[in-house]
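Let's take a friendly walk through a protein model, starting with the whole and then looking at its parts. Keep the 3D view open as you read.

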Amino acid sequence: MKLKKTKTIARKALKIQQKGDRCVYLLSLKGSELVQLAGVSRVTRDNDGKLIGYQRAEVRRHVREIAEYLETPDMLFAHPLILSFNSAVQFISSRGAKTSDGIAIAGMLHIPVPTNGDEKPAWIVDGQQRVLAIGLCSNKDFAVPICAFVADSVDLQRDQFLRINNTRPLPRGLVTELLPEVTSPLPPKLAIRKVPSALCELLNREEKSPFKGLIKRPSSSAADAERAVITDTVIIKMIEESLTQPSGCLFPHRNVATGEYDEAAIWTVLELYWSAVRDTFPEAWGKAPTKSRLMHGVGIRAMGKLMDRIMSAIDLRRKDARRLVRHELQIVAPQCRWTDGKWEQLGGMSWNELQNLHKHLSMLSNFLIRAYLEHRVT
């Protein structure tokens, strides 16, 4: 087969035959070549209002995070991009390159290089943001794994894009539980959840913890899950809010500049406060959320807001710190309705009407803090 007289990039590839005349190619391209050869088809409409393209607009922050990772010395680009080549590419098999099963054939894939504004020979079906991130890298000479197919029709490209992106994302709880095990640098939005997740695990398994065995985690056994009453995302959110908000009692134990945490001090605050909560409301502790709103998301997070007020004024070095926290909680205890009755200061709302809604969380948090501060002033 004679090649067209045009500049091409030749890469060793494995051609895998599928049903009919359909086949895919496995190869690699340098990052610099990928930027040169592959374009992005974004979702737009033509003058008649017809939908063209299929890619989402790039997420700039996510792209920057990927680029920062790709610049690290230990980066690993293991997930292949999926490209759709037009029919201008040519595959030439190597002599005797067919495998014994007759499915895969080794050879060279010749990809024309666009010049003078010519249309690029490849479209990115999956991996748009990774390609944009590669474009931001100072060194683009690393190899990128590619899985490709040939299609001149945008309909086939769009069909593959939808099928590839139709899978559900990993459950948030599973991602959160895996974070503490990751040692490489994480994107900021994941990094901020790493320490709260590790503390959540500590609260769930340490003997001194009032939450021991009460937190549901994706890795929990059936027996442990049956006893657990609180979802880990609620605990993690409570810790995360206190760590990231300047008004949080855990915020002073976080070095914003370096990203380091005083985990020992944070653990002391959490264990001290929530042990006092357990001792103050024994009838509401450890029950299912349907029987105790203290164990509900709205109760945990509202009491977390109160924690920020109470623990900010407690000297952890005092020998009687535990007694002081219990004393402070007694200020609001008579007005709490975790398992029965009505919250008089919340418009007579029944105890089990409180839901994990922003409105209810705000109402309950504001009431608990107001009741606490009013007593402190008087």
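## The whole protein

Two residues are in contact when they have heavy atoms within 4.5 Å of each other. In this predicted model, residues 24 or more positions apart account for 65% of the contacts with a separation of 6 or more.

The protein is built with 12 helices and 16 strands. Of its 378 residues, 43% are buried. About 20,900 Å² of the protein is exposed, and carbon and sulfur atoms supply 51% of that area.

## Two nonpolar cores

Which residues touch the most other members of the largest nonpolar core? They are Ile235, Leu270, Tyr273, Trp274, Met303, Met311 and Trp343, in a core of 62 residues. Several helices each supply at least two residues of this core: α6 (188-205), α8, α9 (263-280), α10, α11 (321-329) and α12 (358-377). The helix that gives the most is α9, with 9 residues. There is also a second, separate core of 33 residues, and Ala67, Phe85, Ile124 and Val144 are among its members.

Now pick out Trp343 in the view. Leaving aside neighbours within four places in sequence, Trp343 is in contact with several residues that come before it in numbering, namely Gln335, Cys336, Arg337 and Trp338. Its other contacts are Gly348, Met349, Ser350, Trp351, Leu354, Leu364, Phe367 and Leu368.

## A closed space inside

Rolling a probe the size of a water molecule over the atoms shows where empty space is left. Searching the whole structure this way turns up 1 cavity of 30 Å³ or more. The largest cavity holds about 40 Å³ of space.

Which residues line the largest cavity? The lining consists of Met238, Glu241, Ser242, Arg301, Gly304, Lys305 and Asp308. Two helices, α8 (232-244) and α10 (297-311), each supply at least two residues of that lining, and α10 gives the most, with 4 residues. Sorted by class, the lining has 4 charged, 2 polar and 1 nonpolar residues.

## An open pocket

Next, look at the second largest pocket, with a volume of about 250 Å³. Its lining has 14 residues, and those nearest the centre are Arg22, Cys23, Val24, Phe149 and Val150. The elements giving two or more residues to this lining are the strands β2 (23-30) and β10 (143-150) and the helix α4 (154-164).

Which element gives the largest share of the lining of the second largest pocket? That is β10, with 4 residues. By class, the lining of this pocket has 10 nonpolar, 2 polar and 2 charged residues.

## A closer look at Phe251

Finally, find Phe251 in the loop between α8 and β13 (254-255). Is Phe251 buried or partly exposed? Buried means under 20% relative accessible area, so Phe251, at 21% relative accessibility, counts as partly exposed.

Setting aside residues up to four places away in sequence, Phe251 touches Ser242, Leu243, Thr244, Gln245, Pro246 and Val256. One of these, Ser242, also helps to line the largest cavity. Another way to place Phe251 is by its distance from Ile239: the two are 12 residues apart in sequence, and their C-alpha atoms are 9.9 Å apart in space.

Methods
Residues are numbered from 1 along each chain as its sequence is written. This is a predicted model: local features need pLDDT of at least 70, side-chain atom pairs count only at pLDDT 80 or more; totals for chains, interfaces and linings use all residues. Side-chain values use heavy atoms; hydrogens and water are left out. On a 1 Å grid over the protein atoms alone, a cavity is a set of points where a 1.4 Å probe fits but cannot get out, and a pocket is an open set with protein on both sides within 12 Å along at least five of seven lines; lining residues have an atom within 4 Å of a point. Grid points are joined across faces, edges and corners, and a volume is the space filled by probe spheres set on the points. Ala, Val, Leu, Ile, Met, Phe, Trp, Tyr, Cys and Pro count as nonpolar, Asp, Glu, Lys and Arg as charged, and the others, Gly among them, as polar. Buried means under 20% relative accessible area, exposed over 50%, partly exposed in between (1.4 Å probe, protein chains only). Accessible areas come from the Shrake-Rupley method with a 1.4 Å probe; for residues, only the protein chains shown count as cover. A nonpolar core is a set of buried Ala, Val, Leu, Ile, Met, Phe, Trp, Tyr and Cys residues joined through side-chain atoms within 4.5 Å.
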